[in-house]
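Let's take a walk through this structure together, moving from its surface to its interior and then along its charged pairs. Please keep the sequence and the 3D view at hand.

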Amino acid sequence: MSQPHITSLQALLGGLCVFILFSCRPPVPKSSESPGTQPIQQRVEELLARMSLQDKVGEMTQLSIDMVSVGDPYNLKEPHQLDTAKLRHVLLDLRVGSLLNVGGHAYSLQHWREIITTMQRIAMEEKPTGIPVLYGIDAIHGANYTLGSTLFPQQIGLAATWNPALAYETARITAYETRASCIPLNFSPVLDIGRDPRWPRLWETFGEDVLLASRMGTSMVQGYQGTQLNDPYQVAACMKHFLGYSLPRTGKDRTPAYVPERQLREYVLPPFEAAIKAGAATVMINSAEMNGIPVHANPRILKDLLRDELGFRGVAMTDWEDIKLLVTRHRVAKDYKEAIKLAINAGIDLSMVPVDLEYTALLKELVEEGEIPMWRIDEAVRRLLTLKFELGLFENPYYPAAQYPDFASEKHQQASYRAASESITLLKNEENLLPLRPGQRLLVCGPTANSLIALNGGWSRTWQGTDPRYD
């Protein structure tokens, strides 16, 4: 594959730099062998055996950056800065293993590097286990939460190119610029089939064609992950949203879908199956319910289908606050604690509980009370540790900035231009509308009639991509 490679001298210097920074942390795992020479499975088992229950439930928790920043959730102080007291509470007391998102708008490359290096230093030097943080971001059409990064067409635009090689290249560059930001996990690609134009996230899909969606999705997974996740220019991909998310009966987001078995297997499942065969490292679960059962509480989907039939061995995670929805929307759990029990026992490994500091305590209680078996906890943590080892985070939680000279480079911009050019779709000139007659007047109306930022769409420096201060 055509991903870039560093020279052996660069690798040596980069490794030496990180070694000097982290040489004072406890060795993980303790062994007479050099950690880098041990099989990952052995390293995982040795580390897992040393972990307390608090360590384990913390690893299964994913919080938003809001919870470790100065200010209140969704209302952070500007300019953004970490609150080291909050950060230490989250990492050292709660033992949280994963963080995500951005505080409202894109950050500079330098600021991202300051944030992540601070997090990793505290996690690896001060936590008894020395386990690094798994940081995730929505780099949907380029490293869109890093200022100045290269943006690409949205997935529906890429689908219009009918060019899997181009999808691979855009994903490879996105991975490069995301990893330059010290972030190793990307919540992309969307593999939901786009067949209902009412659904508000249709533009994030590869459209209605199953074969095209499967080919383009596979290419993006390969572009993100390359041949080795511990490559300094690759990230872990996340398939989303498993399963049936894009076919709600009402057309409204996060509402119930009813998908017959034949339709499920013919139209909905193939893009995910192809991505799993391509080695996708993680999967995000459908926020809603399918055929009357919330997917987060359905072991037939999360275990029988995803694990046993499709053979997925990676990390299964929730979307934003979805476990609470089992109480507030689906009403299948009497309270939050019971919702956690249903989700974890159904097969969730990593819970995105973005602004919730009580999750780890409730999960710990459920294990101590025998409501969640320890083997289920160990199974989830084993998958999370495996991913962190595969990403090389224990050895290189980040790489020197000088290792990414092509961030936002001219050649990356040219790749963006090629993708945009190929995504252009020609329409039939019915009734000879074109060319326009001299002096003919046209009415151009609607909310995007004079908006340049609308051309980039959502996930463009801000969540909805509508703030011109950052784009």
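Begin at the surface of this predicted model. Leu433, Leu434, Leu436, Leu442 and Val444 make a nonpolar patch of about 510 Å² there. To find one of its members, look at Leu436 in the segment after helix H16 (410-423). Leu436 has a relative accessibility of 42%, so it counts as partly exposed, since that class lies between 20% and 50%.

Now turn to the interior. The largest nonpolar core has 125 residues, and Trp112, Met119 and Phe242 have the most contacts inside it. Trp112 is a good place to pause: beyond its neighbours within four places in sequence, its contacts include Val102, Tyr135, Ile137 and Ile183, as well as Asn101 and Ser181. A second core, separate from this one, has 7 residues, among them Ala180, Tyr233, Tyr399 and Tyr404.

Two aspartates deserve a visit too. Asp138 sits in the loop between strand S5 (134-137) and helix H6 (155-161). With a relative accessible area of 9%, Asp138 is buried, and its side chain makes a polar contact of 3.1 Å with the side chain of Lys240. Setting aside residues up to four places away in sequence, Asp138 also touches Asn144, Tyr145, Asn186, Phe187 and Trp459. Asp55, in helix H3 (residues 53-59), is likewise buried, at 6% relative accessibility. Its side chain is joined to that of Arg95 by a polar contact of 2.4 Å, and Asp55 is also in contact with Arg50 and Thr129.

What about charged pairs? The structure holds 28 salt bridges. In one of them, Glu395 pairs with Arg43, with the closest N and O atoms 2.5 Å apart. This pair links distant parts of the chain, 352 residues apart: Glu395 is in the loop between helix H15 (374-390) and H16, and Arg43 is in helix H2 (residues 40-50). Glu395 is partly exposed at 31%, whereas Arg43 is buried at 4%.

Helix H3 comes back into view with Glu59, which forms a salt bridge with Lys127 (3.9 Å, N to O). Lys127 lies in the loop between helix H5 (109-126) and S5, 68 residues from Glu59, and both residues are buried. Glu369 and Lys337 form another bridge, at 2.9 Å from N to O. Because Glu369 is in the loop between helix H14 (359-368) and H15 while Lys337 is in helix H13 (residues 336-346), the pair ties together parts 32 residues apart in sequence. Finally, look for the network of salt bridges that links Arg307, Asp349, Arg376, Glu379 and Arg383.

Definitions and conventions
Residues are numbered from 1 along each chain as its sequence is written. This is a predicted model: local features need pLDDT of at least 70, side-chain atom pairs count only at pLDDT 80 or more; totals for chains, interfaces and linings use all residues. Side-chain values use heavy atoms; hydrogens and water are left out. Helices (H or I, at least four residues) and strands (E, at least two) are DSSP runs, numbered from the N terminus. Buried means under 20% relative accessible area, exposed over 50%, partly exposed in between (1.4 Å probe, protein chains only). A polar contact is a pair of N or O atoms within 3.5 Å; within protein, one must be able to donate a hydrogen and the other to accept it, and residues adjacent in sequence count only if both atoms are side-chain atoms. Contact means heavy atoms within 4.5 Å. Patches are made of residues with over 30% relative accessible area and no salt bridge: like charges are joined within 9 Å, nonpolar side chains (Val, Leu, Ile, Met, Phe, Trp, Tyr) within 5 Å. Accessible areas come from the Shrake-Rupley method with a 1.4 Å probe; for residues, only the protein chains shown count as cover. A salt bridge is a side-chain nitrogen of Lys or Arg within 4 Å of a carboxyl oxygen of Asp or Glu. A nonpolar core is a set of buried Ala, Val, Leu, Ile, Met, Phe, Trp, Tyr and Cys residues joined through side-chain atoms within 4.5 Å.
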